[in-house]
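Colleague: I'd like you to zoom in on one spot for me and then take me along the chain from there. Keep it chatty, but give me your cut-offs as you go.

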Amino acid sequence: MEEKETETEQLKIPDTMPLLPVRDIVVFPYMILPLFIGRETSIKAVDEALAKDRLILLAAQKDINDEEPKPEGIYKVGTVAMIMRMLKLPDGRVKILVQGLTKAAIDEYVQESPSFLVRISKIKEPVVPEITLEIEALMRAVKDQVGKIISMGKILSPDVILILDSINDPGRLADLVASNLGLKIEESQQILEIVDPLERLTKVNEFLNREVQLLTMQVKIQSVAREEMTKTQREYYLREQLRAIQSELGEIDEKAEEINDLKEKIKAAKMPEEVEKETNKQLKRLEQMHPDSAESGVIRTYIEWLTELPWSIATQDNLDLKAAQKVLDEDHYDLEKIKERIVEYLGVRKLKEKMKGPILCFVGPPGVGKTSLGKSIARALGRKFIRISLGGMRDEAEIRGHRRTYVGALPGRIIQGLKQAGTNNPVFMLDEIDKVGTDWRGDPSSALLEVLDPEQNYAFSDHYLNLPFDLSNVMFITTANLLDPIPPALKDRMEVISLSGYTEEEKTKIAKKYLVPRQVEENGLKPEDIDITEDGLRMVISHYTREAGLRNLEREIAGLCRKVARKKAEGKKGVTRVKGANLHKFLGIPKILPEPEQEKSEVGVATGLAWTEAGGEILFIETSILKGKGSLILTGQLGDVMKESAQAALSYARSKAKEFNIPEDFYEKNDIHIHVPAGAIPKDGPSAGVTMATSLISALTRIPVSKDVAMTGEITLRGRVLPIGGLKEKALAALMTGIKTVIIPRRNEKDLEEIPKELREKIKFILADHIDEILKVALLKKKETKKALNRLPVRTVGKRARA
């Protein structure tokens with residue numbers, strides 16, 4: 001050690017020398033290694049060193065990606081090295097061979113351009129005076145650890161291994177091991193900066209322990225992987241031997257048996273030529289694969305799907321029109337339009353064997369029987385029935401399936417439904433088509449465009465099958481509560497049939513014929529155990545349910561049956577009679593109180609009619625005239641359409657002020673307040689205009705509006721009455737309130753044919769083209785306004801009055 005120091009001192013290391021920043025290595029004393037120099041500043045530093053004494057300071061830079069390191073980006077401690085050789089390369093770089101001499105610390109940067117020039121101070125390493133037992137043990141431990149990592153696969157130079165055994169200096173041993181251990185720059189620099197040789201060797205020993213642990217774990221992982229591979233190979237050879245033995249013994253080969261079985265299934269499926277060709281191609285691939293490979297499982301499942309689909313299996317349609325009509329009548333009351341459409345289809349099908357299946361869309365409120373109607377149609381046709389719900393569906397793959405490249409891929413719900421049905425011409429119901437969603441996974445409603453288009457679905461391609469399947473024989477029926485959310489392109493592909501709510505009369509008949517017998521049976525009763533009178537049923541309908549359909553009505557009837565079943569189970573004998581008078585004992589107090597009829601005709605209060613998803617309702621519109629500055633106040637949570645209707649009504653009243661003996665400046669000195677109870681319920685729609693106008697003109701003229709007249713229709717600035725929808729439900733609401741006269745737009749006359757006969761007989765419908773005709777009927781006449789209101793004659797045709 002002392003001799004080496006003397007040699008170093010004899011070199012007369014100067015205080016100032018060029019600096020070469022090194023990217024990805026820390027150079028230790030006595031270390032010989034080649035360096036490739038490419039940076040211009042570094043090449044100039046090498047040239048400067050060669051021009052003098054060939055000495056240069058090698059210091060590691062902190063960031064290896066820094067092309068132009070600054071002084072703060074270079075470690076302060078480095079190694080003074082001798083440039084032993086230098087070679088200029090064709091690409092402009094320089095290759096040098098250097099040997100580390102001694103450590104040195106940078107005191108000051110004398111120059112930064114065109115190359116680094118630094119003032120240094122040599123770091124003298126303390127001499128170990130004696131190799132004690134403790135030092136000897138530490139050195140042996142380090143050497144043993146090095147031998148261990150070599151045995152575990154760590155590659156070290158043979159020269160290093162030879163030198164390692166001959167070194168007796170702890171400092172040099174630490175430097176040699178650290179320079180060959182492959183440590184990170186920060187860890188190598190940490191060792192370089194430790195001056196005390198024993199402390200440095202201890203730190204190297206810690207890093208060696210960590211390396212041994214890492215290599216042990218690596219060897220363990222490799223061993224497990226090798227064992228697994230050996231196990232798989234062993235199983236493969238054993239299976240092959242087993243097959244050879246079975247073959248010698250004449251036993252059946254399972255794989256050959258499976259292939260033959262699939263061939264029989266392909267033949268029996270009677271696939272189209274294109275499909276059969278692809279299936280046989282996949283079968284040949286399967287035949288050549290190892291049965292335990294992952295891909296063979298995927299191909300096997302794919303072939304099974306293809307063989308199990310009903311390519312050529314179809315049920316025979318029941319073409320007896322009278323029998324089909326009878327089935328439809330047994331299952332559902334009324335709904336004549338839909339029944340007629342199904343019987344028409346059967347009639348055409350009877351005359352023409354090959355025809356495309358219709359694509360129907362039943363639109364109506366909840367509980368009116370859309371889904372059960374699909375089952376009834378399937379029964380009438382003699383076909384299988386399949387139903388899937390589209391509500392909340394957001395993934396396009398639900399319709400078209402996943403591609404076979406995905407793990408766990410399956411065909412879409414359409415193909416799955418056909419496999420489940422076992423025929424290619426079922427009645428396929430797609431429920432809740434108005435509630436289909438969309439997100440980043442695709443748009444299912446767009447995928448349905450192909451399914452529900454007769455011009456495309458004869459060659460429907462599922463992503464999983466990737467082969468065309470003919471859907472043209474399927475009768476698709478979709479259901480929806482509302483038409484608005486359905487995309488226009490999808491709506492255009494379907495034949496829309498509307499199902500409106502049921503009248504009280506219809507609900508009573510349906511309850512008697514279907515609901516009561518069903519609930520009596522489901523609750524373990526016999527028909528003679530319970531007797532629900534007609535007035536009892538009507539009371540349930542009007543005071544315990546408010547809906548267009550029948551679901552809540554059936555729940556209430558089920559509640560009645562449960563009460564009777566309990567009494568019977570407790571030992572009560574005889575029939576239990578349920579009527580209007582004792583209904584509250586079974587169902588509690590009434591849940592629904594119908595809107596009360598007005599006690600008398602009042603000024604500024606007109607009766608309108610509204611449509612809701614639960615059926616029709618009456619709507620009282622109240623108007624008050626107050627002293628003010630001409631403001632129009634609208635309350636009752638009105639929507640934008642109703643607010644605009646109120647504005648139109650006011651404008652019409654102002655334009656007709658003279659004819660109705662109203663001061664022409666009435667709106668300048670008064671505030672007009674229009675209110676629609678109840679205030680907690682939001683309201684909107686284009687059918688309250690005539691009611692608002694009537695209420696407003698009544699308040700301005702002080703003429704009462706007849707309490708026996710209800711009205712519906714939109715108004716224009718010229719007073720024309722525009723048509724509305726939901727006439728049946730609105731008429732039913734008027735009748736339930738005791739109103740027998742309903743004014744409707746003349747352009748809704750065609751809709752009267754859709755209203756049941758018993759409802760038309762109980763209500764007098766008055767048709768109106770203009771608001772003046774409505775005012776003539778609705779306002780109670782006074783002498784001073786008689787002339788204004790008697791301009792238009794009234795003529796009666798049949799049971800309808802025409803204004």
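Where is P114 found?

Modeller: P114 is found in the loop between β5 (94-111) and β6 (116-122); helices (H or I, at least four residues) and strands (E, at least two) are DSSP runs, numbered from the N terminus. Before going on, bear in mind that this is a predicted model, where local features need pLDDT of at least 70 and side-chain atom pairs count only at pLDDT 80 or more, while totals for chains, interfaces and linings use all residues. Residues are numbered from 1 along each chain as its sequence is written, and side-chain values use heavy atoms, with hydrogens and water left out.

What catches the eye at P114 is its link to S113: the peptide bond joining the two is cis, with omega at about 0°. Most residues other than glycine have a negative phi, and most peptide bonds are trans. The backbone has some other spots to check against that. E432, in the loop between β9 (427-431) and α16 (444-451), isn't a glycine but has a positive phi of about 55°. Its relative accessible area is 26%, so E432 is partly exposed (buried means under 20%, exposed over 50%, partly exposed in between, with a 1.4 Å probe and protein chains only). Q637 also has a positive phi of about 55° without being a glycine, and sits in the loop between β19 (632-635) and α22 (640-655). With a relative accessible area of 42%, Q637 is partly exposed too. Then there's R702, just after α24, with a positive phi of about 65°.

α24 itself (residues 689-701) has 13 residues and reaches 18 Å from first C-alpha to last, close to the 18 Å expected; that expected span is 1.5 Å times one less than the number of residues. 13 of its 13 residues are buried, so α24 is largely enclosed by the rest of the structure.

Now back past P114 to some helix pairs. α4 (residues 158-166) and α5 (residues 170-180) pack at about 160°, with axes 10 Å apart. Axes here are lines fitted to C-alpha atoms, for helices over the stretch in contact, and angles run from 0 to 180 degrees between N-to-C directions. That makes α4 roughly antiparallel to α5; the label needs an angle over 145 degrees, with under 35 counting as roughly parallel, 65 to 115 as roughly perpendicular and the rest as oblique. α4 passes α5 in a left-handed crossing, where left-handed says the near helix is turned anticlockwise from the far one by less than a right angle, and right-handed says clockwise. V160, I163 and L164 of α4 meet L173, L176, V177 and N180 of α5, contact being heavy atoms within 4.5 Å. By class that's six nonpolar, one polar and no charged residues (Ala, Val, Leu, Ile, Met, Phe, Trp, Tyr, Cys and Pro are nonpolar, Asp, Glu, Lys and Arg charged, and the others, Gly among them, polar).

α5 also carries S179, which is partly exposed at 22% relative accessible area. Leaving out residues up to four places away in sequence, S179 touches F28 and M31. F28 is 151 residues away along the chain, but the C-alpha atoms of S179 and F28 are separated by 6.8 Å.

Further along, α9 (residues 273-288) and α10 (residues 294-308) pack at about 150°, with their axes 10 Å apart. That makes α9 roughly antiparallel to α10, and the crossing is left-handed. Among the contact residues are V275, L283 and L286 of α9 and I299, Y302 and L306 of α10. The contact has seven nonpolar, three polar and four charged residues.

α11 (residues 321-331) and α12 (residues 336-351) come at about 160°, again with axes 10 Å apart, so these two are roughly antiparallel, but here the crossing is right-handed. L321, A324, Q325, L328 and D329 of α11 meet K339, I342, V343, L346, G347 and K350 of α12, which comes to six nonpolar, two polar and three charged residues.

D329 turns up once more: Y514, in α18 (residues 504-522), touches D329, E330, D331, H332 and Y333, not counting residues up to four places away in sequence. Y514 and D331 are 183 residues apart along the chain, with their C-alpha atoms separated by 8.2 Å. At 15% relative accessibility, Y514 counts as buried.
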